[in-house]
Amino acid sequence: MTRVPALENPHTHWREGDVVGPLVELAIQGGAIGFGPMPNTKEGLMTAAQVTAYVKNASSFVELGTGVHIIPIVQITEATTEADIDACIEAGIVDAKIYPKGRTTASHNGVSYYSRILPIVQHAGKRGMRVHFHPEHPMKIDNKDAEFLFLPIVDMFLSETDAIIVSEHGTDGRCIPLWEEWAKTGRFFVTITAHHLVENETGAYGDVDAVCKPSYKGEVDRRALNDLVRKDYPWVMAGGDDAPHDKKTKHRIGPCTCGAYTAPFLMQLYAHALDDLFTSPEGVKVFENFTSRNARKLYGFRTSSRYVDLIKRPFIIPESYKIGSWEVAPFWAGREISYSLYANSSVK
Ligand SMILES: [Zn+2]
C-alpha cells in the first residue's frame with residue numbers, strides 16, 4: 001500500500017443540472033481533492049457572475065472540512081471584453097479556457113480565428129490570468145494532426161502575451177520537443193490525462209466509451225507521454241479531462257459525444273499507468289509531483305490535507321454509473337486495472 005497526497009485535477013467536467021451533485025461526489029471518491037471544472041457547459045460560463053454561481057452550486061455538494069478546493073474558470077471567446085476579464089479578476093477568477101470552435105463537445109462558443117482574441121489574451125495576461133487552451137486547430141484538419149498544427153497558435157500566445165499558458169490534455173508526441181523549449185520561459189504548462197497514458201488509437205478503435213477529444217494517437221505517442229511524466233518536470237501535471245456523457249448520446253447511431261469518463265477511479269488509473277514508479281521512493285515522488293505537487297504549486301494551494309492509499313489489488317471498472325438522470329458508461333467499462341483505493345478519506 002502506498003499513501004500519496006490526493007489528486008489535484010485541474011481539468012474536470014461537471015456539466016449542469018441534476019448530474020452536478022453526483023459527479024462532484026464521484027470525483028471526490030475517485031481520490032481527488034482539487035478540481036478545475038471546465039466552463040464549456042451548455043450555455044458556457046462566460047462571465048464572472050456565471051462562473052461564481054456555477055462554483056457556488058458545485059461547492060454545495062462538497063462536505064465541509066474535506067479540504068476540497070475548486071478552481072473557478074471562465075471561458076474566453078471572440079466576444080469577451082476587457083471589462084469581462086476585469087470583472088473576473090475582481091471576483092478572484094484567474095483562470096480562463098479557450099476552445100476551438102466545433103472541434104469538441106460543447107465548443108459552439110469556441111474560437112475560429114485566434115488572431116482576433118490576441119488583444120484580450122494580452123489583457124488577461126497583464127491582469128495575471130492563466131490561459132488554458134484546448135489545443136486542436138479549428139480548421140477541418142484530421143484529428144491526428146489537429147494538435148500538432150495548433151503549435152504555432154500556442155507559440156503566438158506565448159510570445160505575444162505575458163500570460164501563463166496551459167496546454168490541456170497533450171496527446172501528440174511530436175509536440176514534446178517544443179513543449180520542452182517553451183517550458184524554459186517558466187510560463188508554459190501541460191496536463192496529461194490518465195486515458196491517454198494507457199490507451200492508443202489502435203486499442204480504442206471501435207470502443208465507443210473511450211472516444212474522446214483530442215483523439216488517441218499512436219503507441220509511439222503514448223510512450224512519449226509516459227516518458228515525459230517520468231522526466232519529473234514541474235510543468236507537467238495530471239489533468240483528468242474526465243468527461244461524462246449520458247449513454248443516450250454516447251451509445252447511438254451516428255457520431256457519438258466525445259469524452260472518456262474516468263473520475264470515480266481516476267487516481268487508480270494514473271497509478272495503473274505509472275505502476276513502475278511505485279517500486280522506489282524516488283519513483284513515488286515523481287508520481288506525487290505529477291498528480292499533486294506540480295498543480296498545487298501552479299495554483300498556490302498549500303500542502304494537501306487529504307491523502308489516499310493506493311493498493312496494488314485488481315479493480316474492475318463498473319459497467320456503468322447512474323448519475324442523476326444519466327446513465328454513464330465509463331472508460332474501459334468492465335475492464336480490470338491493477339490498483340484500488342484502500343481508504344480514500346484519510347486526513348493527515
Ligand atoms: Zn475537457
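How much of the accessible surface of the protein chain belongs to carbon and sulfur atoms? Here are some notes for a first look.

1. Start with the surface. It comes to about 14000 Å² for the protein chain, and 54% of that belongs to carbon and sulfur atoms. Keep in mind as you read on that this is a predicted model.

2. Now the overall build. The protein chain has 13 helices and 17 strands. Its radius of gyration is 19 Å, close to the 20 Å that the globule rule gives for 348 residues, so the chain is as compact as a globular protein of that length. If you want a feel for the dimensions, the C-alpha atoms fill a box of roughly 50 × 45 × 45 Å along the principal axes.

3. On packing, 59% of the 348 residues count as buried. Take the contacts between residues at least 6 apart in sequence: 75% of them join residues at least 24 apart.

4. Charges next. There are 37 positive and 42 negative side chains in the protein chain. The centres of these two sets lie 1 Å apart.

5. The zinc ion deserves a stop. Which residues coordinate it? They are H11 and H13, each through NE2, and D241 through OD, at 2.0 to 2.1 Å. Along the chain, the donors follow the spacing H-x1-H-x227-D. Both histidines are tucked away by the 20% cut-off for buried residues: H11 has 2% relative accessibility, and H13 has a relative accessible area of 7%.

6. Have a look at helix α4, residues 118-126, too. Its buried residues include L118, I120 and V121, along with H123, A124 and G125. An α-helix has 3.6 residues a turn, so residues three or four places apart point the same way. What covers the buried residues of α4? Among the elements doing so are the helices α3 (82-90) and α6 (151-160), plus the strands β6 (95-98) and β7 (130-133). Just after α4, you'll find G128 with a positive phi of about 85°.

7. Last, a residue in another helix: T52, which lies in α2 (residues 48-59). Is T52 buried or exposed? Neither, quite: at 41% relative accessibility, T52 counts as partly exposed, because that value falls between the 20% cut-off for buried and the 50% cut-off for exposed. Leaving aside residues up to four places away in sequence, T52 touches A91 and I93. T52 and A91 are 39 residues apart in sequence, yet their C-alpha atoms are 7.8 Å apart in space.

Conventions
Residues are numbered from 1 along each chain as its sequence is written. This is a predicted model: local features need pLDDT of at least 70, side-chain atom pairs count only at pLDDT 80 or more; totals for chains, interfaces and linings use all residues. Side-chain values use heavy atoms; hydrogens and water are left out. Helices (H or I, at least four residues) and strands (E, at least two) are DSSP runs, numbered from the N terminus. The radius of gyration is taken over C-alpha atoms; the globule rule is 2.2 Å times the number of residues to the power 0.38. Buried means under 20% relative accessible area, exposed over 50%, partly exposed in between (1.4 Å probe, protein chains only). Contact means heavy atoms within 4.5 Å. Accessible areas come from the Shrake-Rupley method with a 1.4 Å probe; for residues, only the protein chains shown count as cover. Lys and Arg count as positive and Asp and Glu as negative; His and the chain ends are not counted. The place of a charge is taken as NZ of Lys, CZ of Arg, CG of Asp or CD of Glu. Donors are N, O and S atoms within 2.8 Å of the metal (3.2 Å for Na, K and Ca); water is not among the atoms, so sites may look incomplete.
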